[in-house]
Each structure stands twice: as C-alpha cells, then as structure tokens.
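Okay, thanks for coming, everyone. I'll put the structure up and then walk through a few spots in it.

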Amino acid sequence: MYRRRLAAAFIVALGLLVAIFPDRGSAEPPWADRVLALTSTRIDYAIPSQTVASVARATAIQSARVFVSAPASATALSTRLGFYSDLKTQHVLVWVVDLDGVKLERLAGAYSPGRISATPPPLTQVLVFVSASEPGVVVGYVSSNIK
Amino acid sequence: MSGLLLAFPRPAAGFCTGLGSQPGVTLGGRYRTTLVGYQAVNAYIQGRDATPIVNSTSAWDMLKDPGAPGDRSLAQAGTLRRVGWSAYYPFAAWSSSTGVYVEDIKPDSPNPSLNHTYLVEALADNSYQFSFDGTVFDHSLPNQGWWPYQIQFFGETHDRGDHFPGSTAAQVEFWGLTMKISDGWYTVDSMTNGLQGYTDIPGINAVAPNDFYIWDTRCSDV
C-alpha cells in the first residue's frame, strides 16, 4: 500500500514539474534564427563590451524600413547588434533588424511556357542587415516565406 | 566590403519617361532544356543602370526543373535593384520542392555596366551553391527536393513602370554562357527565346548560341 502511494505521489510530483517547467528545448527558435539557418549567412551576437555602434538603433531601423519600402504598419520585432559573416564577407558589425508586416514582392520569377502562374504572395517578414559603423549603409537582407 | 547608400532613384542621362505604372511580372530572355540534367550554369551579364524603377529590375541566370512550378524548383543568381536603391546588389534566390522560398541579398555593389559572372551549381547533396565573380557567396541547405533540367537567362521586372534591363541604345548582354553536364563544362550551343508577361516590353537578339542581348523596347536612354 505504501509503495502504491509513493508511486502515485511521485507521478503527481512529476506532472507538476512538467507543468511548471515545460520543455524549453522543444520550443521553436525565433523566425530570425530559422531563416538564417536556411542560408550561409551567420550572425555572431557575442559582442565585446567595448564595441561601440556609431549608428543608433533607431537610425538603423529607419534605414531598414526604407530599404525594403516597409509600410508604416510594419514593426521591428527585434533589433540586435551582431557580427555579420557569410561565405564572402566576414565579421562586419551590423544591426540585425527583424521587420514584420512588410510586403516584399518575391524576386524569383521563372519563365514557365504554357503555365499560368499566379503571382506568389509577398514576403511579409525580412531580416535586414544595417551597418552599425557607416550611417545609411545597408549590407543586405534575407527573407523567406517560412512562418 | 561595400554597402549601399540609401537614395532615391536618380534620373540617368536620357531618362526613360512615361512608362506608366501597372503591376505585373515581365520576363524576357532565353532558355535551354535537356533530358540528362544540368550540374551548373554560368553567365557573364553586362548591362546598364536602369532607371526608373517602380518595383524592381533584375537580370539573372538559373537552374530549374521545368516539370515543377516555379516557386518549388528554382535556383538563381544575378543582379537586382529595387525601388529606392541607388545601386545593384548580387542576389541568390532558391526554392525547395516543399515550397520553402529563400531570397538572400548580399553585400557588394556590382557596377552593372561592367562584366560580372553569376554561377549557380547543383551539388551532389542536392543543395545549390551561388558564386559572384568566381567567389562563392551563398549556399542552400541540402535535399532541396528537385534536380535541374533547364537553364534560363532572363531579365525581369515587376511593373510596367520598371525599366526592363537594357535600352535600344544600351542593351544588356548575356555572354560566355556555359553549362555543366555530366561533369563536363560546355558552351551553351542552342537556346529558345522566352517572353512572358508584358511581351511588348523586352527585346531579344541572339548573336551567337551562347551570346544574346535584351533591352526595353520603350527606352533609348544611354
């Protein structure tokens, strides 16, 4: 009898622990991380404490908005300082601006004779890389239709 | 590393006016299909700084599976300018058979009036790799779910108000076109013209099997 009660108490305690501390390991990473993982671009967010961005965060957001012709309703979900690297460019200090609510028409058209192709829905989220050293300089962007 | 200074479109000499804005994708260029499959495509693209731009103007080469929809079977590299940009960017764009589309604009500001090469490779792990002027600049994940049986070389705009690449006085040239088949590089030997969208806009003139020009028939700016 005692063993059964002990087992029941253990199960209840375990259930409480799972409820209180959900498995954070299975939580989906942010969109910004998932879209970067699709490409060769990498951002190192480990910034030395003495690093100074000469471009203000607000200025970077504005540059990003202009670059992708973001409507007024678009919002910056996050703006983080990091070092941009890809297969060709290494270690450039940038503001990584995650803009949501944009309407970016996809580039990739393909000639498809005989096919009636509807224009695909626009890309609604974009990660814009704005130089943190040179005002008004946008390094590039990456976007995808993943949600 | 060079970036892009934000600026509004600036009229060039011989500004092409009166195009009138009307949304719609226009494609003009040439393509080639094979049954054995392609491993890579490479092109020199030499053009000019087209203005005005209402939406975007681009020129690119591409690997494609013609048996699947465009948004699920392409890998392209080229040069792009969107509205509000003062220069062109190299870009890579690709899609998987599951419909995941990725668009990656990279640092660099190629002068479109100079020669630049854009290489797209299909690798053994079913990923796609993109190079600009001989340097790899981007790479997709493996297992994209499709293989290329077509190569395409096109100019593209998204609005009638966009200046399609090239003008009657300064055409954009796709030249030195090569393809990789069965581990060997070959000069592109034959192609077919392709026009889609506002078909009155692009002009196409092939001067050799691996060399052709495109231009905006409405514009004579230089």
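I'll start with one strand, move on to the interface, and finish on a loop.

Quick housekeeping: this is a predicted model, so local features need pLDDT of at least 70, side-chain atom pairs count only at pLDDT 80 or more, and totals for chains, interfaces and linings use all residues. Residues are numbered from 1 along each chain as its sequence is written, chains are lettered from A and ligands numbered from 1 in the order in which they are written, and side-chain values use heavy atoms, with hydrogens and water left out.

So, strand β4 of chain B, residues 56-64. Strands here are DSSP E runs of at least two residues, numbered from the N terminus. Nine of its nine residues are buried, so β4(B) is largely enclosed by the rest of the structure; buried means under 20% relative accessible area, exposed over 50%, partly exposed in between, with a 1.4 Å probe and protein chains only. In a regular strand the side chains alternate between the two faces of the sheet. Here both faces are covered: B:Trp60 and B:Met62 are among the buried residues on one side, B:Ala59 and B:Leu63 among those on the other.

What does β4(B) pair with? Pairing means DSSP finds at least two bridges between the strands. β5(B), residues 74-82, runs antiparallel to β4(B) over nine bridges, with B:Lys64 bridged to B:Leu74. β11(B), residues 150-159, is also antiparallel to it, over eight bridges, and there B:Asp61 partners B:Phe153.

Now the interface. On the chain B side 55 residues are in contact with 40 of chain A, contact being heavy atoms within 4.5 Å. About 3,800 Å² is buried between the chains, 56% of it on carbon and sulfur atoms; that's accessible area (1.4 Å probe) lost on putting the two together, summed over both.

How many salt bridges are there between chain B and chain A? Just the one: B:Lys106 to A:Asp86, closest N and O atoms 3.2 Å apart. The criterion is a Lys or Arg side-chain nitrogen within 4 Å of an Asp or Glu carboxyl oxygen. Strands meet here too: β5(A), residues 137-144, and β7(B), residues 101-105, run antiparallel with four bridges, including A:Val142 to B:Asp104.

Last stop, B:Asn143, in the loop between β10 and β11 of chain B. B:Asn143 is exposed, at 63% relative accessible area, yet it touches B:Asp125, B:Asn126 and B:Ser127, leaving out residues up to four places away in sequence.
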